[in-house]
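Hi,

Here is the structure I promised to pass on to you. Have a look at it first, and then read on for what I found in it.

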Amino acid sequence: MLAASALPRASRAAPVSLEARTARVQLTPETYPATEVWGYDGRSPGPELRLRQDERLQRRLVNRLAQPTTIHWHGIRIANAMDGVPGLTQQAVPPGQSFDYDFVLPDAGTYWYHAHQASAEQVARGLSGPLIVEEAEAPEVDHDLALMLDDWRIDPATGQIADDFGNLHDLSHAGRYGNLVTTNGAFDFARDLRPNDRLRLRLINAANARIFELGLSGLEGWVVALDGMPLPAPRPLTEALVLAPAQRADLIVDVTAKAGETAWLARAERDGAVGQARFPVAGTGTKPRRDAPAPLPPNPRMEVTGLADARSISFRMEGGAMGRMQAAVLDGKRQSFRDLMQAGQFWAFNGVVGRTETPLVTAARGETLRLPIVNDTAFPHAMHLHGHHFREVRSDGTLGPMRDTLLVMSGETREIAFVADNPGDWLFHCHMLSHAAAGMTTWLRVTA
Ligand SMILES: [Cu+2]
């Protein structure tokens, strides 16, 4: 018998690669030609990466694109060097070269990965995929489905992705909205179900700017996790579920439609609800209706402690079309809004445009920070913090669910708090990617 020690160690083998490259996919109805996208392993969404909690993810990003790229592992409380932010945690990977991502997954839940170099273009072209981290003891369901919702801007004349990534209207208004909404890359996503089936739907908003308002028909559901993190109790889904760019929601859903009927995940549009995912119901249910689901097992480090004497960092979002910003600092120099517009920059945090040499704040490891976020703009913004999850401190003092991305509507002030327990340099930015490119990006440092 061969001794185990004679075998090559698994960790020495070359990691499995994840290739960023162009591919042609049929996003649109077949009356249009296939669309060239930028995908992982020739697909968009990229392959579903599914691992267990506390496992190690190892992937070699191989860049077969014509421009540099990186991968950000959205929502993972990751080691800083693996966070995939060019110029902050690594150098962008040039065409033809590779980078080995290797990190532990501390939290179960629904996450995603996407390009973080020129992301307003690279994500819009398709560079994203689902990252699922399974609990040691997962709830019993008949189907566990990750559904990536995306929004593409297709030129109807060619069926190809519109390449107006520097569109000034997108940069200064609500961001890049598309004209083709997909689920897992299909405009007509469908999955056959049986009566009484129980599903776990892992919804991921991969769009550049679109805010989804989702509802169920022929299905009864509960929200059990947001941005990967379990809720203390499942929340019945009785009103629209709002999913901002980069946000995720895990639902447990039971089929209530009868055989021969169609159940739907639907989204609200201006002129009514439209189908987002279709579930034809057929056959005989093998099971009776189940009881309401139990909560998911909690992840570690979900408490935000030390609020009473936490440092509070003022945080004001300004700028954009129809805003009040007169001037802001760009490249160390105070500039008029008109000059900022000339530079394609429209937004500021605390009067400063874009990422600078100095962080917004330097926190001591383990320090609790509070950030009251003031949205003094005419648009909603989905603020994403890297490397940490936070909780909202509501006006009545109670704490909201643990999230990594918070939607802040125009005119709102929403306070978040978190324990800065992950050392490194972490981006804090709007996930409307045109906004991030046009000024809404800053960062903070957590000392070792
Ligand atoms: Cu924004």
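Let me start with the metal. The copper ion takes its protein donors from His 381 (ND1), Cys 430 (SG) and His 435 (ND1), which lie 2.0 to 2.1 Å from it. Please keep in mind that this is a predicted model. Along the sequence, the donor residues follow the spacing H-x48-C-x4-H. Two of these donors bring distant parts of the chain together: His 381 belongs to strand 28 (residues 381–385) and Cys 430 to strand 33 (residues 424–430), 49 residues apart. Both His 381 and Cys 430 are buried.

Next, a sheet that you can find towards the start of the numbering. It is an open sheet of 4 strands, in the order 2-1-4-6, and its pairing is mixed. Strand 2 (35–40) and strand 6 (98–104) form the edges, each pairing on one side only. On average, neighbouring strands here are turned by 25° against each other, direction ignored. As a reminder, strands of a sheet pair through backbone hydrogen bonds, either parallel or antiparallel. For strand 4 (residues 56–63) and strand 6 the sense is antiparallel, with 7 bridges between them. One residue to look up there is Leu 57, whose bridge partner in strand 6 is Phe 103.

Strands 4 and 6 are also joined through side chains. Arg 60 and Asp 100 meet in a salt bridge, at 2.6 Å from N to O. This pair again links distant parts of the chain, with Arg 60 in strand 4 and Asp 100 in strand 6, 40 residues apart. Arg 60 has a relative accessibility of 26%, so it counts as partly exposed. Asp 100 is partly exposed too, because its relative accessibility is 34%.

That brings me to the salt bridges in general: the count comes to 36. Here are some that you may like to inspect:

- Glu 19 pairs with Arg 21, and their closest N and O atoms are 2.9 Å apart. Arg 21 has 30% relative accessibility and therefore counts as partly exposed.
- Arg 248 and Asp 404 meet through their side chains at 2.7 Å, N to O. The two are 156 residues apart: Arg 248 is in strand 18 (residues 248–255), while Asp 404 is in the loop between strand 30 (399–403) and strand 31 (405–408).
- A network of salt bridges links Glu 48, Arg 50, Glu 134, Glu 135, Asp 144, Arg 200, Arg 202 and Asp 250.

Is the Arg 248 side of the second pair buried or exposed? Arg 248 is buried, because its relative accessible area is 0%, and the cut-off for buried is under 20%. Asp 404 also has 0% relative accessibility, so this partner counts as buried as well.

Finally, a word on Arg 403, which is found in strand 30. With a relative accessible area of 11%, Arg 403 is buried. Its side chain makes a polar contact with the side chain of Asp 227 at 2.9 Å. The Arg 403 side chain also reaches the backbone oxygen of Thr 405, at 3.5 Å. Leaving aside neighbours within four places in sequence, Arg 403 is in contact with Leu 226, Asp 227, Gln 247, Arg 248, His 389 and Phe 390. Among these contacts is Arg 248, the residue that forms the salt bridge with Asp 404.

Best wishes

Notes. Residues are numbered from 1 along each chain as its sequence is written. This is a predicted model: local features need pLDDT of at least 70, side-chain atom pairs count only at pLDDT 80 or more; totals for chains, interfaces and linings use all residues. Side-chain values use heavy atoms; hydrogens and water are left out. Donors are N, O and S atoms within 2.8 Å of the metal (3.2 Å for Na, K and Ca); water is not among the atoms, so sites may look incomplete. Buried means under 20% relative accessible area, exposed over 50%, partly exposed in between (1.4 Å probe, protein chains only). Two strands pair if DSSP finds at least two bridges between them. Axes are lines fitted to C-alpha atoms, for helices over the stretch in contact, and angles run from 0 to 180 degrees between N-to-C directions. A salt bridge is a side-chain nitrogen of Lys or Arg within 4 Å of a carboxyl oxygen of Asp or Glu. A polar contact is a pair of N or O atoms within 3.5 Å; within protein, one must be able to donate a hydrogen and the other to accept it, and residues adjacent in sequence count only if both atoms are side-chain atoms. Contact means heavy atoms within 4.5 Å.
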